[in-house]
2 protein chains.
Amino acid sequence: MNEQELISTFVGAQHVRRPDVVLGIGDDGAVTQVPTGCELVIVTDTLSEGTHFPKGTPADALGYRCLAVNLSDLAAMGAKPLWASLSLSLPVADSQWISDFTRGFFRLAEEFEVELVGGDTVNGPLVVTVTLHGCVRRGHSISRSGAVAGQRIYVTGWLGEAAAGCRALLNEPVSADGVTKRLVDAFLYPQPRVREALDLVGLATAMIDLSDGLYTDLQRMLDSSSTGAVVDVGRINLSPALRSQSGETEALQLALTGGDDYEICFIVPADRAKGVEEIARAWSCPLVYLGDTTVERGVCWLRSGSKFDMPDTTYEHF
Amino acid sequence: MNEQELISTFVGAQHVRRPDVVLGIGDDGAVTQVPTGCELVIVTDTLSEGTHFPKGTPADALGYRCLAVNLSDLAAMGAKPLWASLSLSLPVADSQWISDFTRGFFRLAEEFEVELVGGDTVNGPLVVTVTLHGCVRRGHSISRSGAVAGQRIYVTGWLGEAAAGCRALLNEPVSADGVTKRLVDAFLYPQPRVREALDLVGLATAMIDLSDGLYTDLQRMLDSSSTGAVVDVGRINLSPALRSQSGETEALQLALTGGDDYEICFIVPADRAKGVEEIARAWSCPLVYLGDTTVERGVCWLRSGSKFDMPDTTYEHF
């Protein structure tokens, strides 16, 4: 498969046509129109074989995942997805692999009406970079830095499942039972919280998506906001699947430091908390109230009211 | 050097602060404002070690080059550069290497007032992806497809020098004479034709930048425009440095099929040709009139009036 055939495969597999794309794939660049009254949000995430996904990860999952992690970043800004660029460094241009990758990518792109407007394909080790664009109403993006003391901290979803799934995937052969499949799918096919995040525009004062684990990412958001927090880890949702595979203690550790959750963690003023919990009833994922922000910096981690000692493990790319 | 130190190095080295950047590096995404009345242009290019640059390429040159090739794409659309995202996959986070890379990147970013607004750094093989954003007045982008028959084809610069420089670089040790240095620099530090391209907005009917060589790229542009051309290769500028190193025949072959020139090739209506040539007198690079577009498809290559047989070599990533 040469470069032109590769591009044709992508063009042929795309069914989303956005009216705000003036010129799509096939020229030196794409030309688009940002909706009137909106600001542009730009996010970029790279997945490298052996670092972000194990060798042998199904191409369908990689195609899905490289877009999912970017949608998650965009969600964390409160932005509506618009256009993607895809850069694919590939050791071999195998047509079955490309077709699987393409299917995974466009399944998610269609779900969120994202149009692929360009990119690059090069011969090299397996590395995938997506730059994703979205929009927010002028002045309405949600950064990590807008929270103040006395506000409520929430997190979505079932933390730790993806980390357990990644571990299961590394211990091949993957057992075919339902529990393992659920965990592995949580890693391979994370559901970005785009719709949930859009509901929070005008309500959340700060938001972050969980790529490196709640322990690290919550502290990042609090540091950006120059605030601290008291958080009860006993409130974290540990799914039956995760508990059955890992046991209580390890499950909690995976939920806090395992990474790859791609859930959103956000902060709302106390007088908006009820409204947010009301809205979240329509969501397809659970929402958990974790604790409150404080004037005192740093996080005081509790478990059912007593001090909880965090395991000393954080995620580092280098 | 961990990821946070790496990000700090980039943030510390950046001096460009654009007023249209609402939120820069350090959050889940960047927030920017596209100038009123403008469309957004998005380009992406990936450089992979061993494919786009030889192992051992100086980090300064790689930092410069990864932005230069994207500026060249943006130029080819007639767009003004605004913001960049940088994704860096690195085997080792060596602080000297990072510092050199950063210097090369920001030297060029400052020249064209590009603000780095985000990106990603991951551990992996050496692969660099830049997504660059620019703007054009609504409806004024220059695609590859707007030319018709009877228009004039131009190309900037000294073709073939970069290809000769790349070859010299592969035959280490690189000799220290001035000729070789000029050729190697043409490969490592191409000068994107951004200013020249902006002068052509409203004049050029089609434009492309030369990454794969005039032979391939001109045909791409003509195919997009559904037109053909008669072109005289005898008019191509072959620099004294290139001639002295390669001889006449090989020099011409490098100029046509060597690639990596990052010059612009464009088409203008015949009645605008004089005006364009006038404007080009102020440019820092030569401009050459190559020939004319024709109703008949395909390119008729001539050399001093006689049919010229093209060597059968084109550039393919796969």
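Asp60(A) is buried, with a relative accessible area of 10%, a value that falls under the 20% limit for burial. This residue of the predicted model lies in helix 2 of chain A. Once its neighbours within four places in sequence are left aside, Asp60(A) is in contact with Asp100(A), Phe101(A), Arg103(A), Gly104(A), Arg107(A) and Tyr189(A).

Several of these partners belong to helix 3 of chain A, among them Asp100(A), Phe101(A), Arg103(A), Gly104(A) and Arg107(A). Two packed helices are described by the angle between their axes and the distance between the axes. For helix 2 (residues 59–76) of chain A and helix 3 (residues 95–111) of chain A, the packing angle is about 35 degrees and the axes are 6 Å apart, while the crossing of helix 2 of chain A and helix 3 of chain A is right-handed. On the side of helix 2 of chain A, the contact is made by Ala59(A), Asp60(A), Leu62(A), Gly63(A), Tyr64(A), Cys66(A), Leu67(A), Ala68(A) and Leu71(A); on the side of helix 3 of chain A, the residues include Trp97(A), Phe105(A), Leu108(A) and Ala109(A). Sorted by class, this contact of helix 2 of chain A with helix 3 of chain A has 12 nonpolar, 2 polar and 4 charged residues.

The next topic is the sheet that holds strands of both chains. An open sheet is formed by 6 strands in the order 5(A)-4(A)-6(A)-3(A)-2(B)-1(B), and its pairing is mixed. Its edges are strand 5 (115–123) of chain A and strand 1 (21–23) of chain B, each of which pairs on one side only. Neighbouring strands of this sheet are turned against each other by 20 degrees on average, with direction ignored. Helix 1 (residues 3–13) of chain A packs on the sheet, where it touches strand 4 (80–90) and strand 5 of chain A, and its direction makes about 155 degrees with that of strand 5 of chain A. Helix 2 of chain A also packs on the sheet, touching strand 3, strand 4 and strand 6 (127–137) of chain A, and its direction makes about 140 degrees with that of strand 3 of chain A.

Three strand pairs, one between the chains and the others within chain B, are set out below.

| Strand | Partner strand | Sense | Bridges |
|---|---|---|---|
| Strand 3 (residues 38–48) of chain A | Strand 2 (residues 30–32) of chain B | antiparallel | 3 bridges |
| Strand 7 (residues 151–156) of chain B | Strand 11 (residues 287–294) of chain B | antiparallel | 5 bridges |
| Strand 9 (residues 228–232) of chain B | Strand 11 of chain B | antiparallel | 4 bridges |

Individual residues can be placed in these pairs: Val41(A) stands opposite Val31(B) in strand 2 of chain B, Arg152(B) has Asp292(B) in strand 11 of chain B as its bridge partner, and Ala229(B) stands opposite Thr293(B) in strand 11 of chain B.

As for the relation between the chains, a rotation of 180 degrees with 0.0 Å of shift along its axis superposes chain B on chain A, with an RMSD of 0.0 Å; that is the relation of a two-fold axis. The same surface serves both copies, since 100% of the contact residues of chain B recur in chain A.

Leu170(A), in contrast to the buried Asp60(A), is exposed, with a relative accessible area of 55%. Leu170(A) is found in helix 4 (residues 161–170) of chain A, and its C-alpha is 9.0 Å in space from that of Lys55(A), although Leu170(A) and Lys55(A) are 115 residues apart in sequence.

Notes:
Residues are numbered from 1 along each chain as its sequence is written. Chains are lettered from A and ligands numbered from 1 in the order in which they are written. This is a predicted model: local features need pLDDT of at least 70, side-chain atom pairs count only at pLDDT 80 or more; totals for chains, interfaces and linings use all residues. Side-chain values use heavy atoms; hydrogens and water are left out. Copies are superposed by least squares on the C-alpha atoms of residues with pLDDT of at least 70 in both. Contact means heavy atoms within 4.5 Å. Axes are lines fitted to C-alpha atoms, for helices over the stretch in contact, and angles run from 0 to 180 degrees between N-to-C directions. Helices (H or I, at least four residues) and strands (E, at least two) are DSSP runs, numbered from the N terminus. A crossing is left-handed if the near helix is turned anticlockwise from the far one by less than a right angle, and right-handed if clockwise. Ala, Val, Leu, Ile, Met, Phe, Trp, Tyr, Cys and Pro count as nonpolar, Asp, Glu, Lys and Arg as charged, and the others, Gly among them, as polar. Two strands pair if DSSP finds at least two bridges between them. Buried means under 20% relative accessible area, exposed over 50%, partly exposed in between (1.4 Å probe, protein chains only).
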